[in-house]
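Trainee: I would like a close look at one part of this model, with enough of the surroundings to place it.

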Amino acid sequence: MSAKPSFLQRIWPLLPGLAALLITTLLLVVMGTDPIDAYLAMWQGAFGSSARIYSVLAFLVPLLLAASGLLLTFKAGLWNIGIEGQIIMGAIAASWVALRVQLPAGLQIPLELLAAMAGGAVWALLAGVLKTRGGVHEIFGGLALNNLAILFTNYLIAGPWQPPEGGSFRGTQPFGAHALLPLFDNSRLSLLSLALAVLAFAGVALLLTNSHWGLRLKALGQNARSAFLLGVSSQRELLLAMALCGALAGLGGGVRVLSWFDSLRQSISGGIGYLALMVVLLAGFRLVLTPLVAFFFSAVLNGSITLQLRTQLHSALGDILTGVLVLLVLLFGNYTRVQRVVLRAAQAARRRLSDG
Amino acid sequence: MHKKGILFVALVALLLAACGSGGASGEGFTFGMILVGPQNDHGWSQAHYEGGQYVVEHLPGAEMIVFDLLNPADKPEATLEGVVDEMVAQGATLIFTTSDEFEEDTTTVAAKYPDVTFVNISGDDALTGEGPANLSNVMGRMEEMKAIAGCAAALTTQTGQLGYVGPLINHETLRLTASAYLGARHCYETYRGEDPDDLEFTVSWIGFWFNIPGVTSDPTEVTSSFLDTGVDVVLSGIDTTEAINVAGQRAAADHAVWAVPYDYLGACENAPSICLGVPFFNWGPDYLAVATAVAEGRWSQSWLWNGPNWDDLSDLSSTSVGWLNGPGLSAEAAANLADYISKLASGEVAVWAGPINLQDGSAYIAAGAVGSDEQIWYLPQLVEGMQGPSQ
Amino acid sequence: MDSTQLIAILGSIVLQAAPLIIAVCGETISERAGVINLSMDGSLLLSALAGFVAALLTGSLLLGFLAAAAVGALFAAIVAFGSLHLRQNQVAIGFVLAMLGDSLSAFLGQSYTRLPGPSVPSWHIPLLKDIPVLGPIFFRQDAVVYFALLLVLVTWWFLFRTRAGLELRSAGERPEAAFSRGVAVRKLRYLYAILGGALVGMAGAAYSLSVKIGWAEGHTRGMGWIALAIVIFGGWSPVRGAIGALLFGATKALATLLQRSFPQVALVAFNAIPWLLMIVVLLLVSGKLAAPLLARAPAALRRPLRSLLQAAPPAALGQPLDES
């Protein structure tokens with residue numbers, strides 16, 4: 001390999017983006033929609049007015065919180081797919097305080113948010129213990145726990161937390177105004193929650209780059225054996241990483257019920273945890289990229305709502321755009337690996353030609 | 001407490017209906033249509049979507065903006081408020097929110113946009129006074145149609161066991177399911193000469209308006225389970241078509257089973273030969289009346305619970321709800337069913353005629369009395385004789 | 001409930017488990033060769049759509065199943081290429097494909113929602129159908145069920161009784177040793193990952209053309225993850241996996257039956273059973289929990305119990321092998 005990067009190597013990181021755009025454009029053309037109209041609608045849906053921008057930021061909060069948490073668990077080598085359930089349990093715990101506890105103004109919301117973090121952390125620890133003590137892979141333990149969290153929500157809104165008019169799986173009755181996060185400018189954005197998300201991300205970044213614990217976690221993620229040699233008690237580190245991730249995800253769930261909605265509802269998360277996994281994969285586990293990618297996801301998804309309203313195309317197009325992008329970056333993002341495969345294939349072809 | 005309200009509303013409805021026709025113009029008029037399921041679900045959501053299309057056809061120049069599949073499981077990034085924001089930004093002055101799921105949020109958002117008219121389907125906030133002045137409710141008076149559906153099932157069953165695939169439990173679903181049972185009971189006794197207490201009518205609730213994998217019970221499996229355990233006619237109360245699909249598949253394997261779908265005029269298409277008929281919503285005329293009133297600036301708040309055109313239950317220009325016989329109904333059953341319909345139309349027979357006890361045995365409607373609108377709308381439980389949970 | 005009804009219910013369980021059985025066999029083959037195809041949930045959805053649409057447009061059920069198999073094979077090929085050639089994480093690629101398949105199916109399937117369409121006709125097997133009890137449960141079904149049952153036997157025979165099956169397993173257990181003996185490990189892994197993926201695709205079509213006919217958004221959502229868990233429960237054996245799929249179907253059928261007689265709130269408890277069961281079963285299979293339990297069992301029972309409960313994954317599952 002040459003020391004000086006070639007032109008191709010320099011533009012390489014941009015290519016997956018272009019290819020993903022090309023594929024979605026093709027889909028649009030096949031569906032008979034003018035791609036320019038479609039992308040314009042998405043742009044305007046994300047940034048067309050201050051209200052849209054607030055909505056992008058409001059959706060960003062739980063996504064960024066969850067993604068920050070996942071940076072920790074991925075660093076420890078864990079596939080915390082149970083993050084979806086951790087968001088939901090956070091939402092449930094926050095709802096419990098909002099519905100059942102009445103405190104002075106300065107204490108109510110902090111307690112709700114703390115409960116949310118505790119709820120998420122407990123659910124994450126459960127997945128963690130299933131792995132460390134029970135030998136159940138965190139992907140399957142997590143999936144089961146996700147579904148149990150969804151069903152627990154249903155139990156609560158159809159059972160003990162049923163609204164007074166009864167029936168329906170719609171949700172609990174709206175929480176009192178004192179229990180809800182203050183909203184910014186008639187939108188669903190809570191500035192407090194945005195500040196917390198930014199703080200949480202900064203904390204995770206600090207932890208991973210500037211702490212002994214971060215170093216040990218990394219060792220653990222790279223190789224369980226070398227971590228053992230370093231004297232890292234793997235179980236404790238893993239569980240701590242899970243608990244912290246769960247707490248952040250749970251906080252995101254709390255923000256969902258206390259500002260995005262005003263009550264606990266069925267499917268309170270609806271897949272934000274899985275989206276956060278995609279965010280971290282696209283960012284390639286890199287700290288700096290994570291918030292940017294999360295913002296990009298939120299903008300695309302919000303934009304796809306406007307896309308659907310204007311063009312009647314399914315808003316899943318936004319998920320396709322981001323999904324194809326993540327896939328291509330995962331497959332072809334590493335220039336040197338791709339180069340090696342191509343070179344080998346070329347060699348083999350040449351050999352075959354000269355043989356024949 | 002609601003009686004006066006209902007009378008008043010009925011009056012408004014009559015007035016609205018009276019001035020609903022005539023060459024109104026919808027130039028520059030835009031309305032929004034928000035659906036909980038897909039717009040082509042062959043059920044609840046499609047019926048609303050086509051109601052919106054009816055408005056576009058009959059109010060020249062009117063434009064419709066549709067948003068479907070608005071539920072947090074399918075679209076976590078979308079909220080009713082966000083969708084309404086966008087619709088209003090695109091010029092909508094009237095917005096239909098077509099699900100019980102949207103009731104609370106519609107009331108909240110309506111307060112945010114006092115100059116936009118909101119119509120929530122199946123709610124009662126305009127009746128109870130919880131909603132702001134720019135919010136109306138519309139619902140089709142489906143109860144008699146459900147009774148006709150139950151009657152068709154009772155006229156057809158060979159095993160004497162009917163199964164009802166219900167969505168979730170609330171006042172609306174309780175009263176509709178009970179109406180189907182009351183119709184079935186009446187016809188089993190009157191036309192088949194059987195003891196109505198021998199008719200088994202079982203309800204299985206899936207847990208939501210439609211199937212959400214992993215969250216609700218799967219209606220495909222619920223229907224299979226019914227057909228495995230002796231039920232030979234399944235009635236659907238959910239938004240989608242699984243019940244008739246499974247029954248159609250069984251019938252193709254030479255089982256003697258039938259189905260009665262729900263909501264959408266074309267729902268029999270999925271398995272015509274075993275479809276006994278469909279009780280359907282025809283939202284078009286009511287939506288047109290509301291849209292015309294808004295476009296002409298003479299709309300006022302109302303809570304509409306409009307019934308069928310008894311002269312012709314399938315006249316799509318006038319009836320709010322209807323019944324359409326399916327190809328699976330035998331000639332003899334069709335004749336009996338026509339007799340039942342004519343008696344309902346003349347008032348000779350009432351679906352909710354006492355004595356009716358609730359499922360727990362307590363008296364609800366006395367012998368000789370007929371249930372009031374309020375008693376029917378707010379039915380607290382299933383009625384006596386039905387099997388399946390009430391809460 | 002009388003015996004005819006019980007037999008009818010058991011028959012429904014077999015029908016509803018058939019696609020799961022097919023998918024579990026496919027994934028078992030792939031994982032035995034060393035490739036985890038985690039994309040199954042998205043792959044099932046997209047192939048269910050592809051199968052339904054292809055059969056609807058061409059009128060041919062066979063083309064429907066072929067189209068679905070092609071989609072499943074494509075997904076598996078992407079996972080295989082990403083891991084075997086590009087050395088990327090199989091789990092990550094599979095997960096992204098699971099998400100992508102879901103969104104693609106929602107987007108592309110929009111105009112096919114709830115359309116009436118073709119379905120596999122039921123066909124009773126002569127003679128076998130008249131066997132008491134077993135006849136009505138297993139042999140008065142449709143081709144999908146017979147295919148699933150046959151597939152279990154063929155997969156088992158192939159994996160454990162043929163030379164090719166031995167090579168397949170060696171690629172997943174000791175790839176270095178196999179390679180040094182002249183087995184083309186990478187080629188085999190490609191082959192069986194793609195074959196397994198094609199079977200997963202056929203399972204998708206089995207849903208949309210037989211078990212849950214038609215298409216709707218999220219039609220099979222969740223079943224892929226369940227199938228992956230059943231592969232583990234099955235200890236990477238098709239026979240045990242099929243039993244797992246049937247047991248899963250039985251718990252769901254039981255829940256459906258019971259919920260009629262309980263309040264709505266209890267619905268939640270019944271729907272939670274499969275997931276609780278998943279945790280319990282995986283705990284038992286992993287051995288960490290089972291070991292102390294086994295230690296208390298009578299000595300004579302220990303061995304059979306252990307082989308019944310525990311299972312270890314192929315040693316080199318998910319690991320790349322450098323052949324150069």
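What pattern does chain C follow when read along the sequence, and which residues form the nonpolar patch on the surface?

Mentor: This is a predicted model, and the chain is best taken before the patch. Read along the sequence, chain C follows the pattern α-α-α-α-α-α-α-α-α-α-α-α-α-α. That comes to 14 helices and zero strands.

The overall dimensions are next. For 324 residues, a compact globule would have a radius of gyration near 20 Å, and chain C agrees, with 20 Å. Along the principal axes, the C-alpha atoms of chain C fill a box of roughly 60 × 55 × 45 Å. Of the contacts in chain C with a separation of 6 or more, 74% are between residues 24 or more positions apart. As for burial, 60% of the 324 residues of chain C count as buried.

Now the surface. Chain C exposes about 12600 Å², and 71% of that is supplied by carbon and sulfur atoms. The nonpolar patch on this surface is formed by Trp156(C), Trp157(C), Val239(C), Ile243(C) and Leu247(C), which together have about 460 Å² of accessible area. Two elements of chain C each give two or more residues to the patch: α6 (143-161) and α11 (238-259). The largest share, three residues, comes from α11(C).

On the other helix, Trp156(C) is found in α6 of chain C. Trp156(C) has a relative accessible area of 31%, so Trp156(C) counts as partly exposed. Patch residues need over 30%, and Trp156(C), at 31%, meets that cut-off.

Note on methods: Residues numbered from 1 in each chain as written. Chains lettered and ligands numbered in written order. Predicted model: local features only at pLDDT ≥ 70, side-chain atom pairs only at ≥ 80, totals over all residues. Heavy atoms only, no water. Patch = residues over 30% accessible without salt bridge, like charges linked within 9 Å, V, L, I, M, F, W, Y side chains within 5 Å. Areas by Shrake-Rupley, 256 points an atom, 1.4 Å probe, with all protein chains shown as cover. Salt bridge = Lys/Arg side-chain N within 4 Å of Asp/Glu carboxyl O. Helix = DSSP H or I, 4+ residues; strand = E, 2+ residues; numbered from the N terminus. Buried < 20%, exposed > 50% of the residue type's maximum accessible area, 1.4 Å probe, protein only. Rg over C-alpha atoms; globule rule 2.2 N^0.38 Å. Contact = heavy atoms within 4.5 Å.
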